[in-house]
Amino acid sequence: MFRVLCLVIGYACGMLLAAPLIVKRKTGKDIFSIGSGNPGMANTMRECDFAAGIQVLVIDLLKTGLPCLLARFILFPDYGAAAALWTGLGAVLGHNYPAWHSFHGGKGVAATCAMLFCAHPLMGTGAMLAGMVITFLTKYLSVGALFIPAAFIPAAWHLAGPEGAVLTAVLTAVMLQRHLEDLKRIRKGTEKQVDVQALLRKKLKKK
């Protein structure tokens, strides 16, 4: 029963998409109809401004992190990391497939990072750093994003046994589905590469 409750709590929180509200308030535009159409930080930052993108990122992290911590430490403390994983999966599903918008939402990268950090701060950070390194090496954001939950599978097994590994594998499959078109373009050689290191250096020079 705790699994169902965790999923429901996570899904309800995950459906709270910040980008449509923030972009509408600042520009009067619909985030789903501009840029990539993705209601996430990157599209918000491109189509609105840097501050708006950061606001979306913070809210996406909080709407996943807070319910994960609530489930793990207050509602279902006996289940440990499993409670955070189930709730986090629900939040990612709510963000990616919100019922109020015909199940069309974001890609769930920030939500996934928050979920893994709540399951285990050190191992979650390690998975995120691994994804960052992959992004630096390949210059493809989608490849790095996919690697984050995949890298956490052994940690999830350690924390919550086979159940944890399966949950993280499902999360990886969800990430794959949301980035499938990007990966197809990579295979065709038409996907735009992003040199994150160069962008960071450029940003630092401006300061």
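This note sets out points on the helix packing, the nonpolar cores and selected residues of a predicted model.

1. Helix 6. This helix spans residues 109-119 and is mostly covered, with 9 of its 11 residues buried. The buried positions are Ala 110, Ala 111, Thr 112, Cys 113, Ala 114, Met 115, Leu 116, Cys 118 and Ala 119. Their packing partners are helix 4 (50-75), helix 5 (81-96), helix 7 (121-138) and helix 8 (141-178).

2. Helix 5 against helix 8. Two packed helices are described by the angle between their axes and by the distance between those axes. For helix 5 and helix 8, the angle is about 5 degrees and the axes are 10 Å apart. The two helices are therefore roughly parallel to each other, since angles under 35 degrees fall in that category. By class, the contact of helix 5 with helix 8 comprises 15 nonpolar, 3 polar and 2 charged residues. On the helix 5 side, the residues that meet helix 8 are Ala 81, Ala 82, Leu 85, Trp 86, Leu 89, Val 92, Leu 93 and Asn 96. Helix 8 contributes Phe 152, Ala 156, Leu 159, Ala 160, Glu 163, Gly 164, Leu 167, Thr 168, Val 170, Leu 171, Val 174 and Arg 178 to this contact.

3. The largest nonpolar core. This core has 23 residues, of which Phe 2, Cys 6, Leu 85 and Phe 152 touch the most other members. At least two residues each are supplied by helix 1 (2-14), helix 5, helix 6 and helix 8. Helix 8 provides the largest share, 7 residues. Leu 85 and Phe 152 also appear among the residues through which helix 5 and helix 8 meet. When residues up to four places away in sequence are not counted, Cys 6 touches Ala 71, Phe 76, Ala 83, Trp 86 and Thr 87.

4. The second core. A separate core of 10 residues is also present, and includes Leu 17, Ile 22, Ile 31 and Phe 32. Ile 31 is in addition one of the residues touched by Thr 44.

5. Thr 44. This residue is placed in helix 3 (residues 41-47). Thr 44 counts as buried because its relative accessibility is 0%, and the cut-off for that class is under 20%. The Thr 44 side chain reaches the backbone oxygen of Gly 40 at 2.7 Å. Apart from residues up to four places away in sequence, Thr 44 touches Ala 19, Val 23, Ile 31, Asp 49, Ala 52, Gly 53 and Val 56.

6. Ile 34. The loop between helix 2 (18-27) and helix 3 holds Ile 34. Despite this loop position, Ile 34 counts as buried, at 14% relative accessibility. Its contacts, leaving aside neighbours within four places in sequence, are Val 23, Lys 29, Asn 43 and Glu 47. The C-alpha atoms of Ile 34 and Cys 118 are 32 Å from each other, with the two residues 84 apart along the chain.

7. Gly 14. Located in helix 1, Gly 14 counts as buried at 0% relative accessibility. Beyond its neighbours within four places in sequence, Gly 14 is in contact with Lys 63, Ala 91, Gly 94 and His 95. Gly 14 and Arg 25 are 11 residues apart in sequence, and their C-alpha atoms are 21 Å apart in space.

8. Lys 107. This residue belongs to the loop between helix 5 and helix 6 and counts as partly exposed, with 25% relative accessibility. Its side chain makes a polar contact with that of Asp 182 at 2.9 Å. Leaving aside neighbours within four places in sequence, Lys 107 is in contact with Asn 38, His 95, Asn 96, Met 175, Arg 178, His 179 and Asp 182. The C-alpha atoms of Lys 107 and Gly 40 are separated by 7.4 Å, although the residues are 67 apart along the chain.

9. Backbone geometry at Ser 102 and Phe 103. Most residues other than glycine have a negative phi. Ser 102, which is not a glycine, has a positive phi of about 55 degrees, and Phe 103, likewise not a glycine, has a positive phi of about 65 degrees. Ser 102 is found in the loop between helix 5 and helix 6, as is Phe 103. Ser 102 is exposed, with a relative accessible area of 66%; Phe 103 is exposed as well, at 51%.

Terms used: Residues numbered from 1 in each chain as written. Predicted model: local features only at pLDDT ≥ 70, side-chain atom pairs only at ≥ 80, totals over all residues. Heavy atoms only, no water. Buried < 20%, exposed > 50% of the residue type's maximum accessible area, 1.4 Å probe, protein only. Helix = DSSP H or I, 4+ residues; strand = E, 2+ residues; numbered from the N terminus. Contact = heavy atoms within 4.5 Å. Axes fitted to C-alpha atoms, helices over the stretch in contact; angles between N-to-C directions. Parallel < 35°, antiparallel > 145°, perpendicular 65-115°, else oblique. Nonpolar A, V, L, I, M, F, W, Y, C, P; charged D, E, K, R; others polar. Core = buried A, V, L, I, M, F, W, Y, C linked by side-chain atoms within 4.5 Å. Polar contact = N/O pair within 3.5 Å; in protein donor to acceptor, adjacent residues only side chain to side chain.
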